[in-house]
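I opened my notebook to write down what I looked up in this structure, one feature at a time. The entries follow the order in which I went through them.

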Amino acid sequence: MRSPGSNVDDNRLRAERVTLGYDRLTVVDQLDFTVPDGEITAIIGPNACGKSTLLKALARLLRSSDGQVVLDGELIHRVPTKEVARRLGLLPQTPIAPPGILAVDLVARGRTPHQRLFQQWSEDDERAVRAALEATDTTDLADRPVDQLSGGQRQRVWIAMALAQETDLLLLDEPTTFLDIAHQIDVLDLVLRLNCEGGRTVVVVLHDLNLACRYASHVVAMRDGRIVTAGAPTDVIDAATVGEVFGLDAVVIADPVSSTPLVVPIGSHHRRTGDSPSPGSTPRAIQRPRGRRGPDAPGDRSDR
Amino acid sequence: MTVVSDRTAVEGRPVATGGGTSPPAPLPLRGRVVRTRSWSFRVDPRAVTVCTVLAVSVVAVGLWSISVGDFPIPLVDVVATLLGNPTEESEFIVGTLRLPRMLVGIGVGAAFGMSGAIFQSLVRNPLGSPDIIGFTAGSALGAVTMIVVVDATAVGVSVGAVLGGLVTALAVYLLAWKRGVQAYRLVLVGIGIGFFVGAVIDYLITRAEINDVQRAAVWLTGSLNGRSWDEVRIVAVALAVLGPIAVLMQRQLDRLDLGDDTAAGLGVNVGRAKLVLVLTGVALAALGVAAAGPVAFVAFVSAPIARRLVNSPGACIVPAAFVGALVTVIADLAARRVLAPTELPVGIMTALIGAPYLLWLLTRQARTGAL
């Protein structure tokens, strides 16, 4: 695992004292955020903490009411949309596949920022789409309609579309949310491969803390529109952080597979009376959970 | 020039290879890629075929439509007249009565077809067509106002129709706005506005002079009866200016289909693209209304038919234009001949086609929860 990103300002993408919101509702207030080049940055935090809002601002989808987002030393809002799209790829939370579209045609749309009226399908386009299909292991799915694919396959096809854009910066908004655990691992393995082999800088909004710790080299924990802590997972994720960010009592141990922090939530049924757990404390004997949902239960789409 | 990729080509090679020294199998993209050093296009052979067949059908039905009537003119004479060798009677009947009528029908159908394709794709719902969500009603109100209040000429009626359409579109959009515009809200608000506009039109009619009322009433059903070269000019200008814009915007429309955020991520200027598309779509529908009245359901049925024929997930603007033209020409032929010698307005015929489709669509969407 690489060292966490420094806060120096020569990184390609950063937000400077941005204030973000919708209508009159402020979601993020005066936030500084730097995306470390060449790393996987995971943004974590409870629902409605401003994770996706921040990602939208970084991708130029949302204009900050105060402060600025800087891409390659330029104010991102001064850069034309198409030029931004040549440098920065984005996969939103809920992209829509037109009914009946073939996977290859969807991936081909990732080439849009590189195309012109009289240059609709160059050899570069062809090569990039082929490479994107290969990188996401979706070459076999290319001639199938997207709406007939499984959730995991579909998400890989969407990522392939973003890859075909051939940008060094990739922003993914909850790419694993509606996937079962095996497909979540699939997608995150792919993200890690893109980072290690392709040297891409990835920013990913994740719900699952343990997966974030395992796959990201830099974790940013947000709550109520501000950054609580940021850094390498082993440095910043402990029971105190989990408590502060999610309001959740948890035990943090070393992941037996990756040695990264593993957050084990305690939950009310297992809480010891009158004594709050500290890092490294052992949970009481295992009781049978009574159908309670985990701390990051899926199914919340209203998150911004 | 080379054809590098053909979905229908029999290559006998699996698509998935990856690695190896043999040249990779062609990507299974839709359509063919035509490419030289400096430019490249993707052409869908199926769309080309569909459009050609539709165009031939439009010409065939059009010629037939010119030929038949209370004063039948043999097809040979029709063709001769069109080529500049009229007989005595064919010159008046073809040149003054039936040819402009047919040309207006083709142009209006194409304009409605394109407008429908644009809006149905933008709203992502076949019910988002301008004749369902009140835009054509708004154009009709603008036009009726010009007829009844100002007693305007064809150009004045056109201006009124465009203004009426734009104001209505703006009203529907603002009323449907709630942190962005949801398709179902837009459709419901549009239908409501359509009824409101209809009531205003009725009020204007009751207040108007009897001659104006008759002119307005026939026109309001959507009629090609008595169309002259004035109306041909209106639709010709509309199609010449707006048609190319619509066709050029198709690429961005197809990106918007992936969702606004995704489209923006792909470099589409979402706000500007939507504005241009809405203005183009409203103007196309409005000029169609100015020329022939709010011919019911042509915009509504054209794009879905075109999509099915071309079998494409895209907006199919050009095929929809051809479908719209064909539907209108056939409907007008039927309107003229079904109860001959009485002529029905073409709008009644298109309503006979469109209404059952609307009912079917409503029950289906109600069942699947799409609306």
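**Entry 1, a hairpin in chain A.** I began with β11(A) and β12(A), which form a hairpin with 6 residues between them, and I noted that A:S259 in the turn has a positive phi of about 65°. I keep in mind throughout that this is a predicted model. When I looked up how the two strands pair, I found that β11 (residues 250–254) and β12 (residues 261–265) of chain A are joined in the antiparallel sense over 5 bridges. As one example of a bridge, A:V252 has A:V263 in β12(A) as its partner.

**Entry 2, the sheet of chain A.** In which order do the 6 strands of the open sheet in chain A follow one another? I read the order as β6-β7-β8-β3-β9-β10, with mixed pairing. β6 (88–91) and β10 (226–231) of chain A stand at the edges, and because each has a single partner strand, one side of each is left without a neighbour in the sheet. Neighbouring strands of this sheet are turned by 15° against each other on average, if direction is ignored.

I reminded myself that strands of a sheet pair through backbone hydrogen bonds, either parallel or antiparallel. For one pair inside this sheet, strand β3 (residues 40–44) and strand β9 (residues 218–223) of chain A, I found that the two run parallel and are joined by 4 bridges. Within that pair, A:I43 stands opposite A:V220 in β9(A).

**Entry 3, helices across the sheet.** I then asked which strands helix α1 (residues 51–58) of chain A lies across. They are β3, β7 (169–173), β8 (201–205) and β9 of chain A, and the helix runs at about 145° to β8(A). Helix α6 (residues 181–198) of chain A lies across β3, β7 and β8 of chain A, and I noted an angle of about 155° to β8(A) for this helix.

**Entry 4, where chain A touches chain B.** The contact takes 38 residues from chain A and 28 residues from chain B. On the side of chain A that touches chain B, the elements giving two or more residues are α2 (81–87), β6, α3 (103–108) and α4 (123–135). I sorted the residues of this side of chain A by character and got 20 nonpolar, 10 polar and 8 charged.

**Entry 5, chain B as a whole.** The secondary structure of chain B comes to 13 helices and 3 strands. A compact globule of 371 residues would have a radius of gyration near 21 Å, and since chain B has 22 Å, the two agree. The C-alpha trace of chain B spans about 80 × 55 × 40 Å along its principal axes, and 50% of the 371 residues of chain B count as buried. Of the contacts in chain B with a separation of 6 or more, 72% are between residues 24 or more positions apart.

**Entry 6, one helix of chain B.** Helix α12 (residues 317–337) of chain B has 21 residues and reaches 30 Å from its first C-alpha to its last, close to the 30 Å expected at 1.5 Å a residue. I also noted that α12(B) is mostly covered, with 19 of its 21 residues buried.

**Entry 7, one proline.** Is B:P294, in the loop between α10 (270–292) and α11 (298–310) of chain B, buried or exposed? I put B:P294 down as buried, because 29 other C-beta atoms lie within 10 Å and 20 or more are enough for that label. Leaving aside residues up to four places away in sequence, B:P294 touches several residues, including B:D131, B:T136, B:L220 and B:V289.

Notes
Residues are numbered from 1 along each chain as its sequence is written. Chains are lettered from A and ligands numbered from 1 in the order in which they are written. This is a predicted model: local features need pLDDT of at least 70, side-chain atom pairs count only at pLDDT 80 or more; totals for chains, interfaces and linings use all residues. A residue is buried if 20 or more other C-beta atoms lie within 10 Å of its own, exposed if 12 or fewer, and partly exposed in between; C-beta atoms are placed from the backbone. Two residues are in contact if their C-beta atoms, placed from the backbone, lie within 7 Å. Two strands pair if DSSP finds at least two bridges between them. Axes are lines fitted to C-alpha atoms, for helices over the stretch in contact, and angles run from 0 to 180 degrees between N-to-C directions. Ala, Val, Leu, Ile, Met, Phe, Trp, Tyr, Cys and Pro count as nonpolar, Asp, Glu, Lys and Arg as charged, and the others, Gly among them, as polar. The radius of gyration is taken over C-alpha atoms; the globule rule is 2.2 Å times the number of residues to the power 0.38. The expected span of a helix is 1.5 Å times one less than its number of residues.
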